[in-house]
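Subject: Structure handover and notes

Dear colleague,

Please find below the structure I promised to pass on, together with its sequence. My notes on what was found in it follow directly afterwards.

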Amino acid sequence: MNDEALPTPCLREAAFDLFGAELPGRPVILSVPHAGRDYPDALLAAARVRPAQLRRLEDRWVDLLARPLIARGFCVLVARAPRAMIDLNRHEREVDPGMIADAPRDAAWHSSAKLRGGLGLFPRRMPGASELWQRPLCWAEARERIETLHRPYHAAIAHRMRAARDAHGHAILIDLHSMPPLPPAGAGQAPPGVVLGDRFGRSASTQLMALAAEIVESHGVSVAQNHPYAGDHLIERHGNPDRGLHALQVEIDRRLYLDAALEQPGPGVARMQAVVTDLAEALAVELPRAGYAMAAE
């Protein structure tokens, strides 16, 4: 399966492809921020590692799981810019100063556990690669990536979320990711196939999270909530239940839809497409009353 099978986007930006109408026909918006596979020649030339290692940063082919929803008219944003270039699920100030050759002296960078592990806005290292790049970025290049890739992606989400809320009374963002296989949850317990995150209740109503878990489990897939992935910048930024804006992160075990090497689409694609489709369809008709009750009080 290749990118040529994708439907035609209604908007194509450097950072993403946007599918769906300007006015979302349903309150559910999908974001796929780590699916980007457009590697500029300059980015590959700057790397210290082979392209295959940079591709390990991707949520490999997870955008395939959203394609049935595109056909159904859902609003879906799929990243084109690869995570190796910029991580759309990090704050724009979540920058490792060692990645910038001429960083402004007054820059107010944000620190985090992910950044300290090498996975900030501009990924620096990962297991098996102590340094991904031959040299630090110049600040002009870093700023250009922020302004032309990161900000437009988030602006598009914010615009569609507000439009959906205005049209339907509320909006729900599903931030779709994939994860490497997790270790067993305990003795004799299989690891979860899906991890749902809502920043421990801060980005979505508990009612929506409970429904999401129920839908996934109805397909025979085990679910965990907020552990080990509670969601990151994307749902924290765009989720505000008291204002009718809900956001949850969905992490899917890559073994459930990729081949044995975790490189190419495998026999589980159709099953996991059904899971994601049923999840979005169920959330699209659910009124998150819990969020409104808190707002009314």
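Arg37 lies over the face of Trp61, at 4.1 Å from the ring centre, and I should say at once that this, like everything below, is read from a predicted model. Trp61 itself is found in the loop between α2 (51-55) and α3 (67-71), and with a relative accessibility of 8% it counts as buried, because the cut-off for that word is under 20%. The backbone at Trp61 also deserves a look, since its phi is positive, at about 60°, although the residue is not a glycine.

Most residues other than glycine have a negative phi, and most peptide bonds are trans. Another exception on the phi side is Leu262, which is not a glycine either and has a positive phi of about 60°. Leu262 lies in the loop between β8 and α8 (269-284), and at 24% relative accessibility it counts as partly exposed. On the peptide-bond side, the bond from His227 to Pro228 is cis, with omega near 5°, and Pro228 has its place in the loop between β7 (223-225) and α7 (233-238).

Turning to the strands, β2 (residues 16-19) is covered on both faces: Phe16 and Leu18 on one side, and Asp17 and Phe19 on the other, are all buried. In a regular strand the side chains alternate between the two faces of the sheet. Strand β1 (residues 11-12) runs antiparallel to β2 and is joined to it by 2 bridges, with Arg12 standing opposite Asp17, and the hairpin that connects β1 to β2 passes through 3 residues. Strand β2 is also joined to β4 (residues 75-79), again in an antiparallel arrangement, by 4 bridges, and in that pairing the bridge partner of Phe16 is Ala79 in β4.

Which aromatic pairs does the structure hold? There are 2 of them. In one, Phe16 and Tyr153 meet edge-to-face, with 5.7 Å from centre to centre and 80° between the planes. This pair links distant parts of the chain, as Phe16 belongs to strand β2 and Tyr153 to helix α5 (residues 139-168), 137 residues apart, and both Phe16 and Tyr153 are buried. The other pair is formed by Trp109 and Trp139, whose ring centres are 5.6 Å apart and whose planes stand at 70°, so this pair is edge-to-face as well. Here too distant parts of the chain are linked, with Trp109 in the loop between β4 and α4 (113-116) and Trp139 in helix α5, 30 residues apart. At 19% relative accessibility, Trp139 counts as buried, because the limit is under 20%.

Finally, is Gln249 buried or exposed? Gln249, which has its place in strand β8 (residues 245-253), is buried, because its relative accessible area is 3% and the cut-off is under 20%. Its side chain makes a polar contact of 3.2 Å with the side chain of Glu251. Leaving aside residues up to four places away in sequence, Gln249 touches a list of residues that includes Asn89, Asp175, His177 and Val195, and also Tyr229, Asp232 and Ile235.

With best regards

Technical notes. Residues numbered from 1 in each chain as written. Heavy atoms only, no water. Buried < 20%, exposed > 50% of the residue type's maximum accessible area, 1.4 Å probe, protein only. Pairing = 2+ DSSP bridges. Polar contact = N/O pair within 3.5 Å; in protein donor to acceptor, adjacent residues only side chain to side chain. Contact = heavy atoms within 4.5 Å. Phe/Tyr/Trp six-rings, centres within 6.5 Å; stacked < 30°, edge-to-face > 60°. Lys NZ or Arg CZ within 6 Å of the ring centre and 35° of its normal.
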